[in-house]
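Trainee: Could you take me closely through the salt bridges of this model, and explain the terms as you go?

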Amino acid sequence: MSTSRVTIRDVAAMAGVSVATVSKVLNDRYGVATSTIERVRSVISELGYESSLVARSLRNHRTNVIGVLVWDIEPYSAEVLKGVARAIKSTGYELVVYSAGGKGVERMGWEHRYLSRLSGTLIDGAVMVTPTVQTAPFAGPVVAVDPHTGAEDVPTVASDNFRGAQLAVEHLLELGHRRIGLLSRPPRDLESGPQREEGYRSALRAAGITPDPDLVRAGGYDDSDLKEAALQLLTVPDRPTAIFAANDVSAIMTMEVALSMGLRVPDDLSVIGFDNVPESAMTRPGLTTIEQPLQLMGQRSIEMLVELLAGSEPAETHVRLPTRLVVRGSCTTP
């Protein structure tokens, strides 16, 4: 069996018509008899013919393909992609997910590199998940999920990070904790990072507690960086009795580091995360966390992008969705 790509000429030859006739059938143009249309479509189905995205773009100046760009496919982005996949089913668009798998020495500006590879002839619009820049060069519409800090030059979808962080710290305060650490996102990062840190500080101040800079550490993108930051928090003099980690991956790493030090969660250390990715329910004990509706964020980003592609202005260009506390077993009284 031949593995070479089926061409439009193959379809024409087998159907006994011209290439121009096949082109008319593919593009739903007038001037072809019904019986001929049926015969051509039958051959297309039998041969498994698909026009290339580049050819489609050159012919129609559109590909009907949406690109979703992520730095890496990890628990957070995987949940967003589930919502994207659900939302795109009824739109008539196809989906391309593009990622370098977190590879490369320079994380900042990955959107420029990714869009330059996909723009022009492959995608009509793009969703950027956790971008590191506000804008990137691209002729089509772009929507950002969990946008970068700075001016909001593109439509965005995010969650209420400030309130979510408040909920996390308020829960720990209600349990009786006063020495509460923060494992935050790296500097120069997403809009959500500073918002969650400010929510942490706001909840402490509201309880009459002055935030202690010794109890704040910036995590990293690599496991080794996260482990080191968690270790620093757990080895400061008068260590915290509870830690609020700005995402679930960091929270799970904190629990692992605590265990390696002989600390029991939650008896010796309470840990609360942020995101509510599926992995958070699989830890032992289960991770108490703040849920942001990741799948809904992916869904709303596609809905917004499809409106922009249709030439419409979305009712909201900066969507902020609510967060909520999910209580499991990783937090208790100090």
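Mentor: What follows is a walk through the salt bridges, beginning with how the values were obtained. The model is predicted, and for that reason local features need pLDDT of at least 70 and side-chain atom pairs count only at pLDDT 80 or more, while totals for chains, interfaces and linings use all residues. Residues are numbered from 1 along each chain as its sequence is written, and side-chain values use heavy atoms, with hydrogens and water left out.

Side chains of opposite charge can pair when their charged atoms come close. Here a salt bridge is a side-chain nitrogen of Lys or Arg within 4 Å of a carboxyl oxygen of Asp or Glu, and a search of the whole structure finds twelve of them.

Consider the pair of Asp-238 and Arg-179, which form a salt bridge whose closest N and O atoms are 3.5 Å apart. This pair links distant parts of the chain, 59 residues apart: Asp-238 is in the loop between α9 (223-234) and β8 (242-245), and Arg-179 is in the loop between α7 (161-174) and β6 (180-184). Helices (H or I, at least four residues) and strands (E, at least two) are DSSP runs, numbered from the N terminus. As for accessibility, buried means under 20% relative accessible area, exposed over 50%, and partly exposed in between, with a 1.4 Å probe and protein chains only. Asp-238 therefore counts as exposed, at 56% relative accessibility, whereas Arg-179, with a relative accessible area of 22%, is partly exposed. The two residues also belong to a network of salt bridges in which Arg-179, Asp-212 and Asp-238 are linked.

A second pair joins two strands. Arg-324 forms a salt bridge with Glu-291, and their closest N and O atoms are 2.9 Å apart. Because Arg-324 lies in strand β12 (residues 324-326) and Glu-291 in strand β10 (residues 288-291), the pair ties together parts that are 33 residues apart in sequence. Arg-324 is partly exposed at 45% relative accessibility, and Glu-291 is partly exposed as well, with a relative accessible area of 23%.

Finally, Glu-170 and Arg-163 meet through their side chains in a salt bridge, with 3.2 Å from N to O. Glu-170 counts as partly exposed because its relative accessibility is 26%, and Arg-163, with a relative accessible area of 32%, is likewise partly exposed.
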